[in-house]
Amino acid sequence: MKSSNSILLRTTAAVALVAGFANLAWAQEQPAQPTPSAAPPAASSSSSSDDAIVVTGSRIKKNEFNSSSPLQVITSENAELKGTNDTAEMLQGSSLAAGSPQNDATISSAFVTEGGPGSQTLSLRGLGANRTLVLLNGRRAGPAGTRGQVSAFDLNVIPQSQVDRVEILKDGASSIYGSDAVAGVANIITKKVEGGEVRVFGDMPQDGGGNTFSAEAIYGKSFSRGSFSISADYYQQNELKFGDRDYLQCDEQYTFDASGVRNDVIDERTGKPACRSLPSGQVWLYEYIGGASAGPWATGQLLNSPNGRVRIQYDPTNTLGTLVPGTIIPTPPPGQVGRWPQAPNGFYLVDYNRATQGVANYNPPQRLAASLIPEIKRTTVYAQGQYDISNSVEVYGEVLLNRRESKTNGFRQFWTYLYTEDLGDPFSVGWRGFAALSPTPITDHNKDSQRVDYMRAVGGLRGDFKGFGDLGSIAWDLVVQASRSDGDYTSDQILDDAVDSAQFRTGSCVGTITPISKKPCIDVNWLSGDFLNGNPTAAEKAFLFGVETGNTVYDQVYAEGTLSGDVFRLPAGPVGAAVGFHIREDKINDVPGAITRAGNAWGSSSAGITKGTDKTKEAFAEFNIPIVAGAPLLEDLSLSLSGRYTDVDSYGSDTTHKIGLNWQITPEWRLRATQGTSFRAPALFELFLANQSSFIGQRTIDPCISWQTGLDNGTLPVRIANNCQRAGIPGDYIGGNSSATVFTGGGKGLLKAETSEAKTLGLVWTPGFADLNVAIDYIEIEIADEVGRLGAAGVVVGCYNSETFPTDPLCSLFRRGQTTNPLAIDTVQDNYLNVNSQTNRGIDLTVRYDRELSFGDLRVQGQFTWQLEDTISLFAGNQIDTNGDVGDPDWVGNVDFRLTRGDWTYFWGVDFIGKASEAEDIGSSNTARTTFYKVHTELTTYHDVSVRRKFDDFEVLVGVSNLFDEHPPAVTTINLGQFASEGGSVLASQYDYVGRRGFVQLRKKF
């Protein structure tokens, strides 16, 4: 967390930056003083007229700048000038999102995430996409994605070309919009056009790979009783491979000595730092004692190998021993042939000291051909229209059809266990000694693809009841929405029963049939160099590998009705009100592929069918009450009140409320504040996720292993040690040999809704000396009973760290001693639970300055977010503070400069990603302080420039994104466990991995 002085300094600097431009322009030219605007400085292209409209954060019609809730507005036009061509990139790059981890196409394809690979969602303030409600034209939009964990709106669904602007409500709003509006609301507002328009966009990175292209056609027509528009859009994101960028190719360790000089392990084959990504082409050997005393491996007679384990690597050139003599396998002493490992010609010892670590293969060609950014193709058709049935009734509708096809190329290891020739495997020719062999080949049979078809239809009637005197009319709106996401996901799989057919074999399997995949067994040559390096024969591929397709369908249907208008008048003005109802049904049906359902996917968890339905019924009311108007220091003081009653079948009922104060102190100063509660009912996958099983090692989850040593050296809390002793576990317990089975699933019948409280306090300054707007808002959101999974280790540690051990409910979620080891953990139940709490506090600063100059119209606008706190507690006494961690910087912002001169527009934008560090959590060196790590990311800035020229009916935009080719920050890549990295670069959603790229956009109107 940064000091208050640092925050004050940055805030002052940001305001001074824009104010300085104001003073510069003022000194250049002094026309008549502009009339000061009462508008808070939302970065919006919308008109500031007095027409009453509905803005995000309220259902009462009012001027968009009169809301008591803080708003941020992002326009598609501004994104285009930056070279942004994707809705997700536009929103995730905002200051409200860029400071926290986001689920973009890169992250969702690299890790297991909600929504499946290729999905892109919005998480305001890092509180999760499930807690950020996305609206489309003011109405809730149904989720999209694949696999069982679908619950958030996928931003792939709506292309940026069809977006006019996005209004982001910065605080919770469940009392207005219902469940999920915990962190805020993003309201995507589509374009309305008159006539036709064709647009083409393309960019080209200077290094190739990762380029995008889109084309759109839109036509709109207004007539006496209505209007309509229809558009079609095609978007393509080309794959970016790890091998396409030098800063992604090699996982150098990036470590330093005490003087700051690099001390990475060196690869003697290249003379450069070794790449240390994923071992490939190796055979792991485990000393097989067979009941005898410890052999030469474990006792160091062969080499210093932990647990009697060594690695032997195939070298097709058969020259590794000449280059690094330490890789040559030693000749057995007389009479010890059976106790010493031997391998065929071409195999060498690696990875047991610095010299042999450097020549261990850790960067296979399959990795360089794998995807960092997946290939994505999207096709979208969108239509909207309205028609006046009468002078007071209008029918309206929207239809959105979208198909997203995405594809990721991957790579992976897999392995089995074999005997040596001496122990009876007839296919291990040349492999000698009392050893268990674990060949660990690499493969590129790890591709994933998705095809998601999304449909959303909206139909409604709206109008007004007239005849309410000087109060005007009461508006009414009845709407029905139906959406469906139907996604197929196809995955490469390695067949578990095929791999197991060779495990500790002592003869041929030919003539047998695998029990699940029903394939005729073949004798795979696991120990051949080609096989180890990812080049199996066609027959081996056909036997070991499979492909499966799963399907996810998510349906959402709702009906909603509202009445809004002025209901009576007070001395300060009319009282506005809105009341309504909302009825919704959500359904999910996820059917994994046949291989996964059968539990036959090697190295993956098994999964069943996730299927469930939930229904929600809500009633809500909102009031805007003017208290004082026209008094000294009380130009306008109004109070907004809202409340909502919600009943969810899976949870029960609850109420939420919100209170807002909007105080126009003088024409130049406005104070605004809100306090409200929100809640989030558990998502369908959190309720109905089918049981899945996976495996985890004992040392990963069991805090009672060697608990006496941990207690003595101060690394284990006293309470955990005491409870381990109470459980009858010896202080020198070394753990079980077998893995524990972890079961995960939904929490139907056990989960309750999350609750939260949000507070905001803001000040808006619109000085009279210039068209300058400044708004600063403090936001605090606290979530209780957050739904989540502790993880298997969290369940076990939480039990032993509990003051109520052994009766704490967590202690009932795992079992010991059900197999041969009476102390080993056998099973852990890691279902969704109400266990977490989370707090986020921050300050948002928005600045906008407009000036008419002799040489053009200047606009400077900036948006900045300082994150003061970002903590999560998995259970009592276990608080994790991620504020300022790598991937979660405590400061982000952007400043845009735009000069319009007639038909020309000149743009320069700068995005700031603040520095971050993990040094407080894991340190920046080893214990001896002989090796130092780079566990921080420095301040990173991205510059975008463009020029636009408008003709009568034609427009040309050219520019460069990431002008100075800023690379993602380099970090130490050895496994420190706190952040992800690829190729020596940090892997986080804030950073650009494509690099400098030029872009062109052409627009033709007719």
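# Salt bridges, strands and turns in a predicted model

A search of the whole structure finds 55 salt bridges, a salt bridge being a side-chain nitrogen of Lys or Arg within 4 Å of a carboxyl oxygen of Asp or Glu. The structure is a predicted model, in which local features need pLDDT of at least 70 and side-chain atom pairs count only at pLDDT 80 or more, whereas totals for chains, interfaces and linings use all residues. Residues are numbered from 1 along each chain as its sequence is written, and side-chain values use heavy atoms, with hydrogens and water left out.

One of these salt bridges joins Arg 125 to Asp 844, with the closest N and O atoms 2.5 Å apart. Arg 125 lies in the loop between helix H5 (105-110) and strand S2 (132-136), and Asp 844 belongs to strand S38 (residues 833-853), so the pair ties together parts that are 719 residues apart in sequence. Helices (H or I, at least four residues) and strands (E, at least two) are DSSP runs, numbered from the N terminus. Both Arg 125 and Asp 844 are buried, where buried means under 20% relative accessible area, exposed means over 50%, and partly exposed lies in between (1.4 Å probe, protein chains only).

A second pair is formed by Glu 252 and Arg 262, whose closest N and O atoms are 2.7 Å apart. Here Glu 252 sits in the loop between helix H7 (246-249) and strand S10 (255-256), while Arg 262 sits in the loop between S10 and strand S11 (266-267), so the parts that are tied together are 10 residues apart in sequence. Glu 252 is partly exposed, with a relative accessible area of 26%, and Arg 262 also counts as partly exposed, at 33% relative accessibility.

The side chains of Arg 1003 and Glu 955 meet in a further salt bridge, at 3.0 Å from N to O. This pair links distant parts of the chain, with Arg 1003 in strand S50 (residues 997-1005) and Glu 955 in strand S47 (residues 954-961), 48 residues apart. Arg 1003 and Glu 955 are both buried. Elsewhere, Arg 131, Arg 680, Glu 686, Glu 754 and Glu 786 are linked in a network of salt bridges.

Charge also appears on the surface, where Lys 377, Lys 407, Lys 447 and Lys 541 form a positive patch. Such patches are made of residues with over 30% relative accessible area and no salt bridge, like charges being joined within 9 Å and nonpolar side chains (Val, Leu, Ile, Met, Phe, Trp, Tyr) within 5 Å. Within this patch, Lys 447 is placed in the loop between strand S22 (442-443) and strand S23 (448-465), and Lys 447 is partly exposed, with a relative accessible area of 34%.

Turning to the strands, 5 of them form an open sheet of mixed pairing in the order S27-S32-S33-S37-S36, where two strands pair if DSSP finds at least two bridges between them. Strand S27 (606-607) and strand S36 (814-816) are the edge strands, each pairing on one side only. S36 runs antiparallel to strand S37 (residues 825-829), to which 3 bridges join it, and Phe 814 stands opposite Val 828 in S37.

Ahead of S36 in the chain, Pro 806 lies in the loop between helix H19 (792-800) and S36, and the peptide bond from Phe 805 to Pro 806 is cis, with omega near 5 degrees. In H19 itself, 7 of the 9 residues are buried, so this helix is largely enclosed by the rest of the structure; the buried residues are Ala 792, Gly 794, Val 795, Val 796, Gly 798, Cys 799 and Tyr 800.

Strand S1 (residues 71-75) is mostly covered as well, with 5 of its 5 residues buried. Leu 71, Val 73 and Thr 75 point one way from S1, whereas Gln 72 and Ile 74 point the other way. S1 pairs with strand S4 (residues 163-169) in the antiparallel sense over 5 bridges, and Leu 71 stands opposite Leu 169 in S4.

Two loop residues have unusual backbone angles to inspect. Asn 137, in the loop between S2 and strand S3 (139-140), has a phi near 55 degrees, a positive value in a residue other than glycine. Asp 965, in the loop between S47 and strand S48 (981-982), has a positive phi of about 50 degrees although it is not a glycine, and Asp 965 counts as buried at 16% relative accessibility.

Terms used
Accessible areas come from the Shrake-Rupley method with a 1.4 Å probe; for residues, only the protein chains shown count as cover. Lys and Arg count as positive and Asp and Glu as negative; His and the chain ends are not counted. The place of a charge is taken as NZ of Lys, CZ of Arg, CG of Asp or CD of Glu.
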